[in-house]
Amino acid sequence: MLVKINTSFCKGCDICIEFCPTDVFEQSGTLNRKGYYVPVVARVEDCTGCRLCDLLCPELAIVITEEQGNGDVVADVDNDD
Ligand code: SF4
Ligand code: SF4
């Protein structure tokens with residue numbers, strides 16, 4: 001799985017950190033342009049693709065993408081632009 005956070009949308013609510021059942025996200029000391037601390041994808045290898053974070057993120061900032069067999073990315077988002 002690929003887990004992307006569109007950091008420019010993030011409001012630093014930490015819902016994703018709190019509710020991910022496999023602890024994929026972690027707090028970071030990085031502020032986005034709006035002044036919110038954005039989480040980081042710390043353990044992408046633990047992602048099961050349940051999409052709970054995608055559903056719960058109030059800012060629609062998280063995109064979960066399945067990698068195809070050849071490793072190509074099906075979809076992606078730009079970060080912080
Ligand atoms: S749930 Fe969304 S808005 Fe909240 S910290 Fe995670 S990515 Fe940011
Ligand atoms: S899809 Fe599920 S397991 Fe993967 S990061 Fe989101 S909440 Fe965690």
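This section describes the fold, confidence, core, ligand surroundings and selected loop residues of a predicted model.

The chain contains two helices and four strands, arranged along the sequence in the pattern β-α-β-β-α-β. Of the 81 residues in the chain, 17% are buried. Among contacts between residues at least 6 apart in sequence, those joining residues at least 24 apart account for 56%.

The mean pLDDT of the chain is 89, with 83% of residues at 70 or more. Residues 71-76 have a pLDDT below 50, and this stretch makes ten contacts in the model beyond near neighbours in sequence. Where pLDDT is low, the predicted coordinates should not be read in detail.

The largest nonpolar core comprises twelve residues: V3, I5, C10, C16, C20, V24, F25, V38, C53, C57, A61 and I62. Beyond its neighbours within four places in sequence, the core residue V3 is in contact with V24, V41, V44, C47 and I64. V24 is itself a member of the core.

Two ligands were examined. Ligand 1 is surrounded by 14 residues, of which C10, C13, I15, C16 and C57 come nearest. The shell around ligand 1 consists of ten nonpolar, one polar and three charged residues. Around ligand 2 there are 13 residues, the closest being C20, V24, C47, C50 and C53. These divide by class into nine nonpolar, three polar and one charged. Several of the residues nearest to the ligands also belong to the largest nonpolar core, including C10, C16 and C57 for ligand 1 and C20, V24 and C53 for ligand 2. C47, among the closest residues to ligand 2, is also one of the contacts of V3.

Three loop residues were considered individually. E45 is located in the loop between β3 (40-41) and α2 (52-56). This residue is classed as exposed because 7 other C-beta atoms lie within 10 Å. E45 is separated from V3 by 42 residues in sequence, and the C-alpha to C-alpha distance between them is 9.6 Å.

The other two residues have positive phi values. Most residues other than glycine have a negative phi. D23, in the loop between α1 (15-19) and β2 (25-26), has a phi near 60°. L60, in the loop between α2 and β4 (62-65), has a phi of about 50°. D23 has 10 other C-beta atoms within 10 Å and is therefore exposed. L60 likewise counts as exposed, because it has 10 C-beta neighbours inside 10 Å.

Definitions and conventions
Residues are numbered from 1 along each chain as its sequence is written. Chains are lettered from A and ligands numbered from 1 in the order in which they are written. This is a predicted model: local features need pLDDT of at least 70, side-chain atom pairs count only at pLDDT 80 or more; totals for chains, interfaces and linings use all residues. A residue is near a molecule or strand if its C-beta atom, placed from the backbone, lies within 6 Å of it. Ala, Val, Leu, Ile, Met, Phe, Trp, Tyr, Cys and Pro count as nonpolar, Asp, Glu, Lys and Arg as charged, and the others, Gly among them, as polar. A nonpolar core is a set of buried Ala, Val, Leu, Ile, Met, Phe, Trp, Tyr and Cys residues joined through C-beta atoms within 7 Å. A residue is buried if 20 or more other C-beta atoms lie within 10 Å of its own, exposed if 12 or fewer, and partly exposed in between; C-beta atoms are placed from the backbone. Two residues are in contact if their C-beta atoms, placed from the backbone, lie within 7 Å. pLDDT is the predictor's confidence in each residue, from 0 to 100.
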